[in-house]
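Reader: Could you take me on a close tour of how the helices in this model pack against each other? I would enjoy one connected account, with the residues named as you go.

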Amino acid sequence: MAQLYVMHHATCARKALFALLEKGAPLPTMEVDRDYLRSPEYRRLNPDGLVPTLLLDDGEVLTESSVIMRYLDEAYDGPRLQPEDAIGRARMNLWMQLIDEKYFPALGAITIATFMRRMFGTPPDEERLAVMLDSLTDFATRVMREDTIRRGLESPFVEAGLRQLRAMLRRMNDTLQRDPWLAGDSLSLGDCAMVAIILRLEEFGLAEAWQGTAVSRWWERINSRPSLQRLLGLADQALLTELTSSVSEARGHFLRKLSHP
Ligand SMILES: N[C@@H](CCC(=O)N[C@@H](CS)C(=O)NCC(=O)O)C(=O)O
């Protein structure tokens with residue numbers, strides 16, 4: 001039977017989950033844990049051992065959150081989440097690409113330097129660290145994770161990530177001053193993908209960085225949607241509390257770096 005493998009708190013899984021909730025599609029989800037991601041059984045579905053993964057009825061498997069989101073939109077009934085016009089679709093695709101290639105890795109750097117670093121202790125538990133690093137298939141991700149876990153906030157990946165996220169907030173503000181949604185007049189997969197990023201920044205206690213801007217008005221519109229309230233209810237609250245507290249010492253620094261001048 002078709003199902004979407006997720007971790008409810010994970011940014012990439014949330015992108016697909018939010019699109020699924022907006023569609024109202026009757027697709028079951030299966031929450032997995034980090035250990036299962038490393039199992040041979042899961043690696044047969046997703047060789048990178050990451051979420052989300054979509055298993056279809058006929059056994060075909062889709063990976064990559066943006067691919068899955070587009071598939072969900074096209075395969076299921078419900079509101080269209082991709083603009084009909086070429087320029088609207090191009091804008092949506094641009095946001096999705098920027099998120100995948102720039103903003104998600106940037107968020108990853110600050111998440112790993114704070115929340116994930118805590119899980120390995122200081123100095124890090126070398127055995128556990130080696131298991132985690134060896135499970136990664138992407139070399140660039142491995143280099144970034146090892147450096148941010150070993151050096152924490154001192155890692156240059158953190159500064160680079162903060163710069164990238166600040167550029168993201170500026171670009172969003174520019175776009176949202178003109179249009180209510182990232183791709184134009186209606187909510188698209190570009191917004192669905194961005195929800196996961198902004199939600200994590202909010203969970204880190206960084207909402208002040210976009211206070212009083214068009215991003216804040218966009219976020220209010222997103223928050224008034226039942227789909228967001230349902231998404232919020234899915235994640236383990238204790239884990240989210242831990243996530244928030246992991247940033248407490250770095251929050252002031254992060255806010256200064258992210259805030260508009
Ligand atoms: N490019 C992939 C990235 C997927 C990814 O990095 N997923 C993260 C969660 S956001 C994951 O599964 N992490 C598992 C882990 O870190 O152990 C996508 O967009 O689907």
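Author: Happy to. In this predicted model, the contact between helix 1 and helix 9 is a good place to begin. From helix 1 (11-23) come Thr11, Arg14, Lys15, Phe18, Ala19 and Glu22, and they meet Leu189, Cys192, Ala193, Val195, Ala196, Ile197, Leu199 and Arg200 in helix 9. Sorted by class, this contact holds nine nonpolar residues, one polar residue and four charged ones. The two axes run 8 Å apart, and the helices pack at an angle of about 130 degrees. Helix 1 and helix 9 are therefore oblique to each other, and their crossing is right-handed.

One residue of that contact deserves a closer look. Ile197 sits in helix 9 and counts as buried, because 20 other C-beta atoms lie within 10 Å and 20 is where the buried class begins. Which residues does Ile197 touch, leaving aside those up to four places away in sequence? They are Thr11, Ile99, Tyr103 and Leu107. Thr11 belongs to helix 1, and although Ile197 and Thr11 are 186 residues apart in sequence, their C-alpha atoms are 6.6 Å apart in space.

Helix 1 and helix 9 also turn up together around helix 4 (residues 65-75), whose buried residues are Ser65, Ser66, Ile68, Met69, Leu72 and Asp73. Looking down the axis of helix 4, you find these residues within an arc of 160 degrees, so they line one face of the helix. As a general point, an α-helix has 3.6 residues a turn, so residues three or four places apart point the same way. The cover over the buried residues of helix 4 includes helix 1, strand 3 (53-55), strand 4 (61-63), helix 5 (86-120) and helix 9 (189-203).

Just ahead of helix 4 comes a backbone detail you may like. Glu64 lies in the loop between strand 4 and helix 4, and its phi is near 75 degrees, a positive value in a residue other than glycine. Most residues other than glycine have a negative phi, and most peptide bonds are trans. Glu64 is partly exposed, with 18 other C-beta atoms within 10 Å.

Two peptide bonds are worth checking in the same spirit. The bond joining Val51 and Pro52 is cis, with omega about 5 degrees, and Pro52 is found in the loop between helix 3 (40-45) and strand 3. The bond from Thr122 to Pro123 is also cis, with omega near -5 degrees; Pro123 is in the loop between helix 5 and helix 6.

On the far side of helix 6 (126-134), the loop that leads to helix 7 (139-151) contains Asp138. Is Asp138 buried or exposed? Asp138 is exposed, because 11 other C-beta atoms lie within 10 Å and the exposed class takes in counts of 12 or fewer. Its C-alpha atom is separated by 18 Å from that of Val67, 71 residues away along the chain.

Now for the packing around helix 8 (156-178). Helix 8 packs with helix 10 at an angle of about 75 degrees, the axes being 8 Å apart, and that makes the two roughly perpendicular. The contact is formed by Leu169, Met172, Asn173, Leu176 and Gln177 of helix 8 together with Ala214, Val215 and Trp218 of helix 10. In class terms it has six nonpolar residues, two polar and no charged ones.

Helix 10 (residues 214-223) has Val215, Trp218, Trp219 and Ile222 as buried residues. Around the axis they cover an arc of only 100 degrees, which puts them on the same side of helix 10. Their packing partners are helix 8, helix 9 and helix 11 (226-234).

Helix 8 has a further contact, with helix 13 (residues 251-258), at an angle of about 50 degrees and with the axes 8 Å apart. Helix 8 and helix 13 are therefore oblique to each other, and the crossing is right-handed. Leu162, Leu165, Arg166 and Leu169 in helix 8 meet Phe254, Lys257 and Leu258 in helix 13. These residues divide into five nonpolar, no polar and two charged. Leu169 is a nice place to end the tour: this residue of helix 8 takes part in the contact with helix 10 and in the contact with helix 13.

Notes
Residues numbered from 1 in each chain as written. Predicted model: local features only at pLDDT ≥ 70, side-chain atom pairs only at ≥ 80, totals over all residues. Helix = DSSP H or I, 4+ residues; strand = E, 2+ residues; numbered from the N terminus. Arc of directions from axis to C-beta. Contact = placed C-beta atoms within 7 Å. Axes fitted to C-alpha atoms, helices over the stretch in contact; angles between N-to-C directions. Parallel < 35°, antiparallel > 145°, perpendicular 65-115°, else oblique. Left-handed = near helix turned anticlockwise from the far one by under 90°. Nonpolar A, V, L, I, M, F, W, Y, C, P; charged D, E, K, R; others polar.
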